[in-house]
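Me: Hi! Could you walk me through this one? I'd like to start with the empty space inside.

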Amino acid sequence: MTSIISAVGFCNATGRGDISTLDSSLKIIADTGASACEIGIYGEEIISGGRIIEDRAQRVRDIVKQYDFKKLSLHGQIVSNFMDREHLHLQKKVVRAMLELCDRLSAGVLVHHSGNAILSDGMSGSDLDQMEREALFEMAEIAKTYGVRIVLENIFTTEDGQYRQTPSQVAETVKAVGHDNLAALIDFSHAYIESTFKGLDFREELRAMAPVTGHLHVHDSFGLPYTMKKFYHPAEATALGIGDLHLPIGWGDIDWEDIFSELTFLPDTTLIMEISAERFADQQPACLERALKLADAVNKR
């Protein structure tokens, strides 16, 4: 019987683009005892114009195969956006290449950000939703040939006039596409920030997403939108509690135990803590211990 949450781990530290830090960043995660790892493959300069650079891809494969993670996922481009009409053909080329990299690296999940656009005259949110859904179905069909699950991540509004789906709308998109190789990804902190910004009920937004969710991004915050954006060091944002902080579990005010006592997800969901060792290596062991308890609470229900 497959567990609901089948693996728990961390994202790696995204490198400088030359693959020089990939091995050490994976080793840090492996040494925590985590069973899952998410690689920020978007930062490693492996895809050029939608084409995989073969020698780089082979180097990455040689590094990754040294580690025996139960579940491996790849994080697609931060700028991935199937509501980007002008660049949609390029966006899809990159996702196709990312899916092929998933296959080569035996990664079963590709993280893809939900779309956004500035609404111009004659453009509606429903038009953008439809464009995204058509592209997601096309990519899910390709993912099916590789045995990969694309997971659509909820983001938060980043600029005035931006059309951005709420977490519950992301769930609606996944349901509308209706493909076995597409699921939702709950980023809890993103949902918290967007709920605060739009005056939504944070917990209701999570409840709407959970039934179609197959991947989790866990990191703490205070759910405060970016009312202030200029910081000289990340620690200043942490001190103020503003924005998408990617804090260790317990550093913010998300009620993790209560959330995980209620929600359940799709079978074989992976829990990834986006809590980088670059900032919080000393906190990762405690975070892993707590995350395993959260997963256990879900799996025992």
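Reply: Happy to. This is a predicted model, and its largest cavity has a volume of about 30 Å³.

Me: How many cavities of 30 Å³ or more does the structure hold?

Reply: Just one.

Me: Which residues line the largest cavity?

Reply: The lining is made of G76, Q77, S80, V95, M98, L110, V111 and H112. Two elements, α3 (88-105) and β6 (109-113), each give two or more residues to that lining. The largest share comes from β6, with three residues.

Me: And what's the mix by class there?

Reply: Four nonpolar and four polar residues, with no charged ones.

Me: OK, on to pockets. How much space lies in the largest pocket?

Reply: About 770 Å³.

Me: How many residues line the largest pocket, and which lie nearest its centre?

Reply: There are 35 lining residues, and Y42, I78, D244, H246 and E274 lie nearest the centre.

Me: Which elements supply at least two residues of that pocket's lining?

Reply: Those are β2 (36-39), β9 (162-164), α8 (234-240) and α10 (277-280). The largest share is from α10, which brings three residues.

Me: How do the residues of that lining divide by class?

Reply: Into 14 nonpolar, 14 polar and seven charged residues.

Me: What about the second largest pocket, what's its volume?

Reply: About 200 Å³. Its lining consists of F156, T157, T158, E159, D160, I193, E194, F197, P225, Y226 and K229. By class, that makes five nonpolar, two polar and four charged residues.

Me: Nice. Changing topic: is strand β10 mostly covered or mostly open?

Reply: Mostly covered. Strand β10 spans residues 182-187, and six of its six residues are buried.

Me: Which strands is β10 joined to?

Reply: Strand β8 (residues 149-153) is joined to β10 by four bridges, and the two run parallel. Another four bridges join β10 to strand β11 (residues 213-218), again in parallel.

Me: Can you give me a residue to look at for each pairing?

Reply: Sure! For the β8 pairing, look at I150, which stands opposite L182 in β10. For the β11 pairing, find I186, whose bridge partner in β11 is L216.

Me: And where do side chains point in a regular strand?

Reply: In general, they alternate between the two faces of the sheet. In β10, each of the six residues is buried, under 20% relative accessible area.

How values were computed
Residues are numbered from 1 along each chain as its sequence is written. This is a predicted model: local features need pLDDT of at least 70, side-chain atom pairs count only at pLDDT 80 or more; totals for chains, interfaces and linings use all residues. Side-chain values use heavy atoms; hydrogens and water are left out. Buried means under 20% relative accessible area, exposed over 50%, partly exposed in between (1.4 Å probe, protein chains only). Two strands pair if DSSP finds at least two bridges between them. On a 1 Å grid over the protein atoms alone, a cavity is a set of points where a 1.4 Å probe fits but cannot get out, and a pocket is an open set with protein on both sides within 12 Å along at least five of seven lines; lining residues have an atom within 4 Å of a point. Grid points are joined across faces, edges and corners, and a volume is the space filled by probe spheres set on the points. Ala, Val, Leu, Ile, Met, Phe, Trp, Tyr, Cys and Pro count as nonpolar, Asp, Glu, Lys and Arg as charged, and the others, Gly among them, as polar.
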